[in-house]
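Subject: Handing over the structure

Dear colleague,

Here is the structure you asked about, passed on with my notes. Please have it open while you read, as the notes follow it from part to part.

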Amino acid sequence: MLAGVSALMLAGGLSACGGDSDSSGESADGRTTIDVWLMRDSVSAQFQKEFVAGFEAAHADIDVKVQIQEWDGIGEKVTAALASNDAPDVIETGNTQVAQFAQSGGLLDLSGRVDELGGGNWLKGLAEPGAYEGKQYGIPYYAANRVVIYRTDLFEKAGIDPAAIKTRDQWITATEKLNKGGTQGIYLPGQMWYALAGFIWDEGGDLATRSGDTWTGALDSPEAVRGMSFYEQLQALGKGPKDSDEAEPPQAEVMAKGQVAQIISTPGGASVVLSNNPELKGKLGFFPIPGKTAERPGSVFIGGSDLIIPVASGKQDAAFTFIKALTGDAWQRKLAAAMSYVPNKTTLADAVAADPGASAMAVGAAVGRATPNTPGWAAVEAKNPIKDYMTAVLTGADARAEAAKASASITAAMATGS
């Protein structure tokens with residue numbers, strides 16, 4: 001998901017370096033050089049350049065050497081680095097990857113520094129997956145999540161005020177009204193399991209639950225089945241395929257054809273729509289995914305990044321100083337403005353108030369969640385029985401029976417992958 005967010009939302013990133021240094025990390029003028037791995041397209045080259053320059057100006061004893069990493073294969077590369085004696089000092093990682101790396105014992109425990117970093121206000125969807133076995137290893141960096149992208153002209157023609165859509169029932173009513181003639185009320189492919197996760201969380205269910213050291217698939221709980229029932233109701237108000245996800249075909253390209261009133265996407269999807277159909281410029285808007293009640297927005301999966309420090313780093317103090325600056329309020333506000341990201345703290349939501357897409361994200365991010373926090377979850381996503389379950393239900397199979405089968409598959413995958 002994170003790589004997809006980057007592709008939709010962001011400009012390319014380039015490496016930036018401080019002064020020359022020897023192999024010990026200490027430069028000729030006595031400054032300490034820290035090696036930092038950041039992911040391609042996470043931030044723009046301009047933002048990165050400004051931050052490094054500002055950080056080095058504020059910290060006369062630290063130089064920063066940034067190396068840009070590719071998302072493809074990063075898990076294996078980080079695992080190898082953590083096991084070596086030559087690890088970088090700071091690594092950016094996807095928020096849901098932290099448990100996988102922490103399990104190896106190669107990450108520095110930062111639990112004692114959480115208050116210093118303002119951790120009481122962190123987005124739970126970044127902070128919770130950054131913890132493992134009760135210890136905080138990942139420090140929230142930035143977040144992105146799904147919203148509803150809608151056609152303002154079609155809503156106006158139907159007499160619908162998007163600002164009045166606060167509940168799922170109101171959303172269904174509006175979508176039914178839009179789903180007329182040649183217009184699809186919503187284009188929702190049958191296997192968008194991240195959206196399903198939000199509906200399940202809204203019902204009080206989960207994808208998997210933990211008892212002691214054992215994780216068990218939970219799609220067959222009454223709450224999770226209710227979440228799937230709502231997905232089925234919403235998906236029927238359009239012509240989305242029941243056997244594929246949002247990438248096949250790319251849903252933004254489908255919306256660009258002009259016959260779709262809504263999609264569920266990160267705000268960056270609007271840029272893809274416009275690149276395929278410039279005539280829709282000025283006709284796209286955003287609102288948070290509605291919740292069951294008007295008092296609480298819909299739960300969303302939060303994608304984004306955390307920052308970690310390897311135990312093998314010989315410059316942990318300087319690495320922490322770097323993280324404290326990059327995740328601090330001043331630079332988080334600048335990052336939000338530059339990249340249309342949701343800042344890492346709920347108290348900084350006003351930083352994106354003037355950005356329609358990002359401000360809609362921030363509403364959902366405040367109640368956002370992440371996937372089950374266990375290294376074994378990667379094995380679930382590799383096989384992804386959730387997608388098969390969704391297709392089966394949408395094509396007429398019994399929801400409870402299919403949920404039980406999918407839950408068993410999730411349990412088996414987590415047991416082998418942990």
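Two strands are said to pair if DSSP finds at least two bridges between them, and strands (E, at least two residues) and helices (H or I, at least four) are DSSP runs, numbered from the N terminus. This is a predicted model, in which local features need a pLDDT of at least 70 and side-chain atom pairs count only at pLDDT 80 or more, while totals for chains, interfaces and linings use all residues. Residues are numbered from 1 along each chain as its sequence is written, and side-chain values use heavy atoms, with hydrogens and water left out.

On confidence, the average pLDDT (the predictor's confidence in each residue, from 0 to 100) is 92 for the protein, and 93% of the residues score at least 70. Over residues 1-24, however, the pLDDT is below 50, although this stretch has 73 contacts in the model beyond near neighbours in sequence, a contact being heavy atoms within 4.5 Å. Where pLDDT is low, the predicted coordinates should not be read in detail.

One open sheet is formed by three strands in the order S10-S7-S11, with antiparallel pairing. Strands S10 (262-265) and S11 (284-287) stand at its edges with a single partner strand each, so one side of each is left without a neighbour in the sheet. Neighbouring strands here are turned by 30° against each other on average, direction ignored; axes are lines fitted to C-alpha atoms, for helices over the stretch in contact, and angles run from 0 to 180 degrees between N-to-C directions. Strand S7 (residues 147-151) pairs with S11 over four bridges, and Ile149 has Phe286 as its bridge partner in S11. Helix H11 (residues 269-276) lies across S7, S10 and S11, and runs at about 165° to S11.

The other open sheet I would point out has five strands in the order S2-S1-S3-S12-S6, and its pairing is mixed. Its edge strands, S2 (62-69) and S6 (139-145), each pair on one side only. Strand S3 (residues 90-94) and strand S12 (residues 302-308) run antiparallel and are joined by four bridges, with Gly94 opposite Ser305 in S12. Helix H12 (residues 316-326) packs on this sheet, where it touches S1, S2, S3, S6 and S12, and its direction makes about 50° with that of S1.

A search of the whole structure finds two cavities of 30 Å³ or more. A cavity is a set of points, on a 1 Å grid over the protein atoms alone, where a 1.4 Å probe fits but cannot get out, and lining residues have an atom within 4 Å of a point; grid points are joined across faces, edges and corners, and the volume is the space filled by probe spheres set on the points. The largest cavity holds about 60 Å³ of space, and its lining includes Arg146, Tyr194 and Phe301. The second largest has a volume of about 40 Å³, and helix H2 (residues 45-58) gives the largest share of its lining, four residues.

Finally, two backbone details may be worth a look. The peptide bond from Glu248 to Pro249 is cis, with omega near -5°, and Pro249 lies in the loop between helix H9 (222-235) and helix H10 (251-256). Glu133, in the loop between strand S4 (131-132) and strand S5 (135-136), has a positive phi near 50°.

With best regards

Terms used. On a 1 Å grid over the protein atoms alone, a cavity is a set of points where a 1.4 Å probe fits but cannot get out, and a pocket is an open set with protein on both sides within 12 Å along at least five of seven lines; lining residues have an atom within 4 Å of a point.
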